[in-house]
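Trainee: I have a structure open and would like to learn how to read it. Could you walk me through some features, one at a time?

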Amino acid sequence: MDEVTGAQLIAESLKAQKVEYMFGIVGVPVIEVAMAAQAAGIKYVGMRNEQAACYAASAIGYLTGRPGACLVVSGPGLIHALGGMANANMNCWPVVVIGGSADRNQETAGAFQEFPQVETCRLYSKFSARPSSLEAIPSVIEKAVRTSMYGRPGACYVDIAGDMVNAKVDRSDVRVVSCCPSPPVSLAHHGAITEAISVLKAAKRPLVIIGKGAAYGRAETALREFVEKSGLPFLPTPMGKGVLPDDHPNCVAAARSRALLQADVVLLLGARLNWILHFGLPPRFDPDVKIIQVDLCAEEIGNNVKPAVALLGDINSIVTQLLGGVRNDGWKYPSDTEWWNTLKDKIAANAKISKALALQSTIEGANTMDIGRTMLNNYLPRHRLDAGTFGTMGVGLGFAIAAAAVERSENKNQRIVCVEGDSAFGFSGMEVETMCRYNLPVVIIVVNNNGIYSGVDPETWKEMAKMGDLTSIAPPVTLLPEARYDEVMTAFGGRGFLVRTVEELRSALQLSLSDWERPSLLNVLIDPSSDRKQQVTVTCQEYM
Ligand code: ADP
Ligand code: MG
């Protein structure tokens, strides 16, 4: 008899579905699952909080197109992971969460950490189920992996009864479930493509918007050819940045507000008309703008704005279809139109401001992510991960760990840089221990202004402490002034730098980038009282 345990079945099933990474925190009843995962050839990264573990596993999904697994214990462990599941679902990223739970014979009896986990996860996932037997594990895992990727990607949950982990079954009684292929792709309807092309050709002020769906859909090659053949201006969303390089001549990111406001036709490629794109409505869009909406999720079509043309299907395929239409008759949007001139004028004007800003932001920057979006250029797809659709703070370290794990196995000779505010860092700061433990050479740059949004200087803080109980008088946004986040890193053997000047920043960056063996943290102290300059405030409102 060839017996296999529940833990082995889970691990082997994940591996059979080409799940290559697992992030988690072990404990009763899932320790054996993590061990079996390693034995099956899955890379296991032990994290310090389930939320960060789930962020990391979902980032794997975005970066590789195949979900990462997140392994958690029952009750509180699973509940901590819900933040990561919600974030993954909002971002449309695949992830599979495996949660240990109460033994089958203790259900509803008040078992240790018992919680209605399958029901709870339903609100945070596309699929939530508990295999009823060991024999059912492979097919439930296959369904979870498949569901996480097919249609609109998202989170899936598999609940494992504690007593099933070490229970055994004869291998010959378990049906082998083969690997589910990458999602099938579908083309848009032929007639709709013809219509889209004629709407584009009739446009006076056309604009292509590239969202993170285009990044996830790996549309970069077709999209570059389409943009260059059609001559259309394009605008990336924050995570659409890098699908085409930010310095591409057709990129009009520096004229974002004007482009959005005045475009008469928008080709929307894998971006939702939600808060990030001001709902596609006035006052930020023309009320009569014609949207050509490209999305693989039919339910998304028509949200907030009724599209002039709906192209339902895979972005990469649809862009190739559009390219065919453009290629056939050699049509190209002219580069000498009034629209291009307007956009170029605006870009030139903003370039001056942004040069001034570059100087300011190194010493003053008040909101790391907003400023980072405009100041940090991206040249490659899927190389910028941020707070995303859900606006989640604290995702940075988990994302960086996932990116470093992928980098390590793909060996692209790239460094992972994690730019965070001091408040954002605090949400998952203990993950620096994870980075040190696995020697992940991530460079963390903490832009430290002593608070959430902004704090106070050390002298003011001392004065306040003398005046009374800080819990009554300290502004809620304040954090400990000049906190030594760099020493959090050195505590675990990484490199820490306290940075006060541009010169110190430069040399700390050089030193950390030359170290491939361990992570670094640059604690960049900036003036806590400084706020954005007027121009920067504009970029803040423009956050997309
Ligand atoms: P952004 O944050 O860039 O605005 P969103 O997350 O709002 O992007 O939108 C991404 C959209 O892309 C989602 O509506 C999703 O359904 C869609 N999408 C994801 N992958 C593909 C694909 N391969 N083809 C078409 N649409 C896709
Ligand atoms: Mg801050």
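Mentor: Gladly! Let's start with strand pairing: strand S2 (residues 21-24) and strand S3 (residues 43-46) run parallel and are joined by 4 bridges. Keep in mind as we go that this is a predicted model.

Trainee: Which residue of S3 stands opposite tyrosine 21?

Mentor: Lysine 43 does. To get from S2 to S3, the chain passes through helix H2 (residues 31-39), and this β-α-β crossover is right-handed.

Trainee: How should I think about the side chains of a strand?

Mentor: In a regular strand, side chains alternate between the two faces of the sheet. In S2, Tyr21 and Phe23 point one way, while Met22 and Gly24 point the other way, and all are buried.

Trainee: In which sense do S2 and S4 pair, and over how many bridges?

Mentor: S2 pairs with strand S4 (residues 68-72) in the parallel sense, over 3 bridges. You can find two of the facing residues yourself: phenylalanine 23 is opposite cysteine 70 in S4, and glycine 24 is opposite leucine 71.

Trainee: Why is S4 described as largely enclosed by the rest of the structure?

Mentor: The idea is to count buried residues, meaning those under 20% relative accessible area. In S4, 5 of the 5 residues are buried, so the strand is largely enclosed by the rest of the structure. Gly68, Cys70 and Val72 point one way and Ala69 and Leu71 the other way, and all are buried.

Trainee: Which strand do 5 bridges join to S4?

Mentor: That is strand S5 (residues 95-101), which runs parallel to S4. Alanine 69 of S4 stands opposite valine 96 in S5. Here, too, there is a helix to look for: S4, helix H4 (residues 76-91) and S5 make a right-handed β-α-β unit.

Trainee: What about a helix? Which residues of H1 are buried?

Mentor: For helix H1 (residues 6-16), the buried residues are Gly6, Ala7, Leu9, Ile10, Ala11, Ser13 and Leu14. After H1 comes lysine 18, whose phi is positive, near 60°.

Trainee: How do I judge a backbone angle like that one?

Mentor: Most residues other than glycine have a negative phi, and most peptide bonds are trans. Glutamine 113 departs from that pattern in phi, with a positive value near 55°. Its place is the loop between S5 and helix H5 (117-122). Another residue with positive phi is asparagine 413, near 60°, found in the loop between helix H15 (396-410) and strand S14 (417-421).

Trainee: Are these two residues buried, partly exposed or exposed?

Mentor: Glutamine 113 has a relative accessible area of 25%, so it is partly exposed. Asparagine 413 counts as exposed because its relative accessibility is 59%.

Trainee: And where are cis peptide bonds found?

Mentor: One joins valine 28 and proline 29, with omega about 5°. Proline 29 sits in the loop between S2 and H2. Another joins proline 282 and proline 283, where omega is about 10°. Proline 283 belongs to the loop between strand S11 (265-269) and strand S12 (290-295).

Trainee: Let's turn to the metal. Which protein atoms are donors of the magnesium ion (ligand 2)?

Mentor: For a metal site, look for the atoms around the ion and then trace where they sit in the chain. The protein donors here are Asp422 (OD), Asn449 (OD1) and Gly451 (O), at 2.0 to 2.1 Å from the ion. Along the chain, the donors follow the spacing D-x26-N-x1-G. Aspartate 422, in helix H16 (residues 422-427), and asparagine 449, in the loop between strand S15 (443-448) and helix H18 (458-467), are 27 residues apart, so to speak a link between distant parts of the chain.

Trainee: Why do aspartate 422 and asparagine 449 count as buried?

Mentor: Aspartate 422 counts as buried because its relative accessibility is 2%, and asparagine 449 because its relative accessible area is 4%.

Trainee: Last topic: how many cavities of 30 Å³ or more does the structure hold?

Mentor: It holds 2. The second largest cavity has a volume of about 30 Å³, and its lining consists of Asn49, Gln51, Ala52, Tyr55, Gly394, Phe427 and Ser428. Helix H3 (residues 50-64) gives the most to that lining, with 3 residues. By class, the lining has 3 nonpolar, 4 polar and no charged residues.

Definitions and conventions
Residues are numbered from 1 along each chain as its sequence is written. Chains are lettered from A and ligands numbered from 1 in the order in which they are written. This is a predicted model: local features need pLDDT of at least 70, side-chain atom pairs count only at pLDDT 80 or more; totals for chains, interfaces and linings use all residues. Side-chain values use heavy atoms; hydrogens and water are left out. On a 1 Å grid over the protein atoms alone, a cavity is a set of points where a 1.4 Å probe fits but cannot get out, and a pocket is an open set with protein on both sides within 12 Å along at least five of seven lines; lining residues have an atom within 4 Å of a point. Grid points are joined across faces, edges and corners, and a volume is the space filled by probe spheres set on the points. Ala, Val, Leu, Ile, Met, Phe, Trp, Tyr, Cys and Pro count as nonpolar, Asp, Glu, Lys and Arg as charged, and the others, Gly among them, as polar. Buried means under 20% relative accessible area, exposed over 50%, partly exposed in between (1.4 Å probe, protein chains only). Two strands pair if DSSP finds at least two bridges between them. A crossover is right-handed if, with the strands pointing away from the viewer, the path from the first strand over the helix to the second runs clockwise. Donors are N, O and S atoms within 2.8 Å of the metal (3.2 Å for Na, K and Ca); water is not among the atoms, so sites may look incomplete.
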